[in-house]
Amino acid sequence: MWSFIKRLWAVMLRPSVHYSLGFLTLGGFICGIIFWGGFNTALEITNTEKFCTGCHEMRDNVYADLQTTVHFTNASGVRAKCSDCHVPHDWTNKIARKIAASKEVWGKIFGTINTREKFEKHRLAMAEREWARFEANDSLECRNCHSFSAMDFSQQSPRAADSHQRLLGTGEKTCIDCHKGIAHGLPNMGERASSVHGAQASQAIVEVRALKDYLKK
């Protein structure tokens with residue numbers, strides 16, 4: 001095996017006999033474009049509503065919740081799909097989110113929430129993990145569409161307008177602090193989060209920050 005690897009490496013280092021440097025450079029450039037285009041196309045496919053609701057775990061639970069909220073149907077006709085709220089728009093944070101979310105594949109394979117009963121059992125842990133992620137990135141996905149500078153506070157309830165104006169640029173709180181359950185049903189909030197849930201929430205913050213720092217290097 002080691003002998004094969006050395007021979008392969010030698011072939012990779014050997015100058016081309018039949019093709020010019022210009023041809024190889026152009027070929028590599030074209031292959032790079034094809035690869036990058038294919039990668040981004042695949043990435044965008046994973047952001048579509050069809051992909052997100054392709055499994056019954058999502059379609060029958062959280063997507064069903066979303067359809068009853070103002071994020072799905074409203075007077076303005078603007079609909080937020082799954083990726084709008086769960087995937088940041090800028091590339092670095094998007095990739096960090098995709099890497100962190102890849103572990104959900106294991107949940108699908110092993111049937112972690114493949115029944116309604118299992119889903120409800122894990123709803124609190126999943127919600128706490130997502131809330132922790134929003135707290136860690138200052139509700140970045142919310143701010144993809146909502147910004148204080150574009151808000152007409154006169155059209156909001158007195159309580160909301162007062163909260164938004166007081167928190168404008170202070171960083172004291174983030175959107176998710178006041179808007180839990182805005183798009184999905186809340187778990188049983190009467191139940192105290194277990195130490196396991198708390199550990200998962202803390203781990204979510206650590207993972208988000210570590211991935212962002214790594215991708216910025």
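Biologist: Which residues form the aromatic cluster here?

Modeller: F35, W36, F39 and W91 form one. Keep in mind that this is a predicted model: local features need pLDDT of at least 70, side-chain atom pairs count only at pLDDT 80 or more, while totals for chains, interfaces and linings use all residues. Residues are numbered from 1 along each chain as its sequence is written, and side-chain values use heavy atoms, leaving out hydrogens and water.

Biologist: What makes two rings a pair?

Modeller: Rings of Phe, Tyr and Trp (its six-membered ring) pair if their centres lie within 6.5 Å; planes under 30 degrees apart count as stacked, over 60 as edge-to-face, and the rest as tilted. By this rule, there are five aromatic pairs. In one of them, Y63 and F72 sit 6.0 Å apart, centre to centre, with 80° between the planes. That is over 60 degrees, so the pair is edge-to-face.

Biologist: And why is the pair of W106 and F110 called stacked?

Modeller: The ring centres of W106 and F110 are 5.9 Å apart and the planes meet at 10°. An angle under 30 degrees is the stacked case, so the label fits.

Biologist: Are these two pairs buried or exposed?

Modeller: Y63 and F72 are both buried, whereas W106 and F110 are both exposed. Buried means under 20% relative accessible area, exposed over 50%, and partly exposed in between (1.4 Å probe, protein chains only).

Biologist: How do you know that R79 lies over the face of F72?

Modeller: The test asks for NZ of Lys or CZ of Arg within 6 Å of the ring centre and within 35 degrees of the ring normal. R79 is 3.6 Å from the ring centre of F72. Likewise, K180 has its charged end over the ring of W131, 5.3 Å from the centre.

Biologist: Why does S139 count as buried?

Modeller: S139 has 0% relative accessibility, which is under the 20% limit, so buried is the right word. S139 lies in the loop between α8 (116–136) and α9 (140–145); helices are DSSP runs of H or I with at least four residues, strands runs of E with at least two, numbered from the N terminus.

Biologist: What does S139 touch, leaving aside residues up to four places away in sequence?

Modeller: F134, T174, C175 and I176, where contact means heavy atoms within 4.5 Å. The S139 side chain also reaches the backbone nitrogen of I176 at 3.3 Å.

Biologist: How many helices and strands does the chain have?

Modeller: Twelve helices and zero strands.

Technical notes: A polar contact is a pair of N or O atoms within 3.5 Å; within protein, one must be able to donate a hydrogen and the other to accept it, and residues adjacent in sequence count only if both atoms are side-chain atoms.
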